[in-house]
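Me: I'd like a close look at one part of this protein, a single strand and whatever surrounds it. Could you walk me through it in plain language?

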Amino acid sequence: MKQVQVLLSTYNGEHYIPEQLQSILRQSYPNISVLVRDDGSSDCTTSLLREYAEANPNQFKVIRGSNIGVVPSFFELVMHSDPQADYYCFCDQDDVWLEHKIERAVNMLDSQSDKTPAMVFTSTELVDKELHSLGTWPKAPSKQPSFYNALIQNIAVGATITISQAARDLFVNGNRVDHSKIIMHDWWFYLLVSAFGNVIYDQRPSMLYRQHGSNVVGGSNSFFDKLNQKYRSYLKHKGKHLLVIQAREFYRVYGQLLDDEKREQLELFIAPRQQFREKIFFLQRSKLYRQSILEQSLFRFLILAGYI
């Protein structure tokens, strides 16, 4: 039976971590280990983790770290993951996994070649802090996951992601990534796997995605909430060109391994676009796309406006 390792990053999660850990222990798939990295918690999180590790010594391992933030914390988890495991699940501290989560991911990844980087991600059941349902989120992608989507849009909810050993090894054995240039760890792995392997979407929710005041990233199906999030993101990140910076870092780390078409599209995206004619040149030749007509129109507008 294939071995699965859960990679869990925690930070001041004492209110929700017991429910999450119990949901991992209740998984229908039995061959699971858990690697936890605590990101410098100041509450009782580390005490709770120690109790679980003592009660399940063959299944739980805890790394106590300093507060470095969510992206480098997950990158550290991947770097310290078990190289003998077959699959790896990203895990947040405040959600609740449905019992079939790992089993369904394993079944889907088993259909892929062991040598091909692969990744499964799913929808979620959005819930409030008391686990009352708020509906399924996010909506299913209208277009296929691909590298040309991943360069400008992340559609993979990190805590739903399961990656193969080949995907893990591609990250671990490559050049070290400058995490300050990465928007989110899940986005980076969507980029990585879509560039060199297969990304699989499962529309069946695999977990309860809890919404509360301390979420690092939250979800919403409301049009006005999404519009407000995009506007606040625009104001916060205006002039920072985060998409291009992340793409340039991907080019630095993996550009030499890309096939000619992907490399050409990546180079086109990261090239300077100071003049209006350069922006038009890019839009005429770009194969990059977002998941809806509205989002694609917004992307084209932001290119012309110099935001991206």
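Reply: Let's take β6. Ala118, Val120 and Thr122 point one way from this strand, Met119 and Phe121 point the other way, and all of them are buried. Keep in mind that this is a predicted model. The alternation fits a general pattern: in a regular strand the side chains alternate between the two faces of the sheet. Five of the five residues of β6 are buried, so the strand is largely enclosed by the rest of the structure.

What does β6 pair with? One partner is β10 (residues 198-202), which runs parallel to β6 and is joined to it by five bridges. Within that pairing, Ala118 has Asn198 of β10 as its bridge partner. Another partner is β9, paired with β6 in the antiparallel sense over two bridges. There, Val120 is matched with Thr162 of β9. As for what holds such neighbours together, strands of a sheet pair through backbone hydrogen bonds, either parallel or antiparallel.

Now for the helix beside it, α4 (101-109). Its buried residues are Lys101, Ile102, Ala105, Val106 and Leu109. These cover an arc of only 120° around the axis, which puts them on the same side of α4. The helix geometry helps here: an α-helix has 3.6 residues a turn, so residues three or four places apart point the same way. The buried residues of α4 pack against β6, and also against β1 (4-10), β2 (32-39), β4 (87-91), β5 and β9 (162-164).

The strand and the helix also meet at a small void. A search of the whole structure finds one cavity of 30 Å³ or more, and its volume is about 40 Å³. Which residues line this cavity? They are His100, Lys101, Arg104, Ala105, Val120, Thr122, Asp202 and Ser206. Both α4 and β6 supply at least two residues of that lining, with α4 giving the most, at three residues. Val120 and Thr122 are in the lining, and they belong to the set that points one way from β6 together with Ala118. On the helix, Lys101 and Ala105 line the cavity and are also among the buried residues of α4. By class, the lining divides into two nonpolar, three polar and three charged residues.

One more strand arrangement is worth a glance, since β5 is among the strands that the buried residues of α4 pack against. An open sheet of four strands has the order β5-β11-β7-β8, with mixed pairing. Its edge strands are β5 (96-97) and β8 (133-137), each of which pairs on one side only. In this sheet, β7 (residues 124-127) is joined to β8 by four bridges, and the two run antiparallel. Thr124 has Trp137 of β8 as its bridge partner.

To put the picture back together: β6 has all five residues buried, pairs with β10 in parallel and with β9 in the antiparallel sense, has the buried residues of α4 packed against it, and lends Val120 and Thr122 to the cavity lining.

Technical notes: Residues are numbered from 1 along each chain as its sequence is written. This is a predicted model: local features need pLDDT of at least 70, side-chain atom pairs count only at pLDDT 80 or more; totals for chains, interfaces and linings use all residues. Side-chain values use heavy atoms; hydrogens and water are left out. On a 1 Å grid over the protein atoms alone, a cavity is a set of points where a 1.4 Å probe fits but cannot get out, and a pocket is an open set with protein on both sides within 12 Å along at least five of seven lines; lining residues have an atom within 4 Å of a point. Grid points are joined across faces, edges and corners, and a volume is the space filled by probe spheres set on the points. Ala, Val, Leu, Ile, Met, Phe, Trp, Tyr, Cys and Pro count as nonpolar, Asp, Glu, Lys and Arg as charged, and the others, Gly among them, as polar. Two strands pair if DSSP finds at least two bridges between them. Buried means under 20% relative accessible area, exposed over 50%, partly exposed in between (1.4 Å probe, protein chains only). The arc is that of the directions from the helix axis to the C-beta atoms. Contact means heavy atoms within 4.5 Å.
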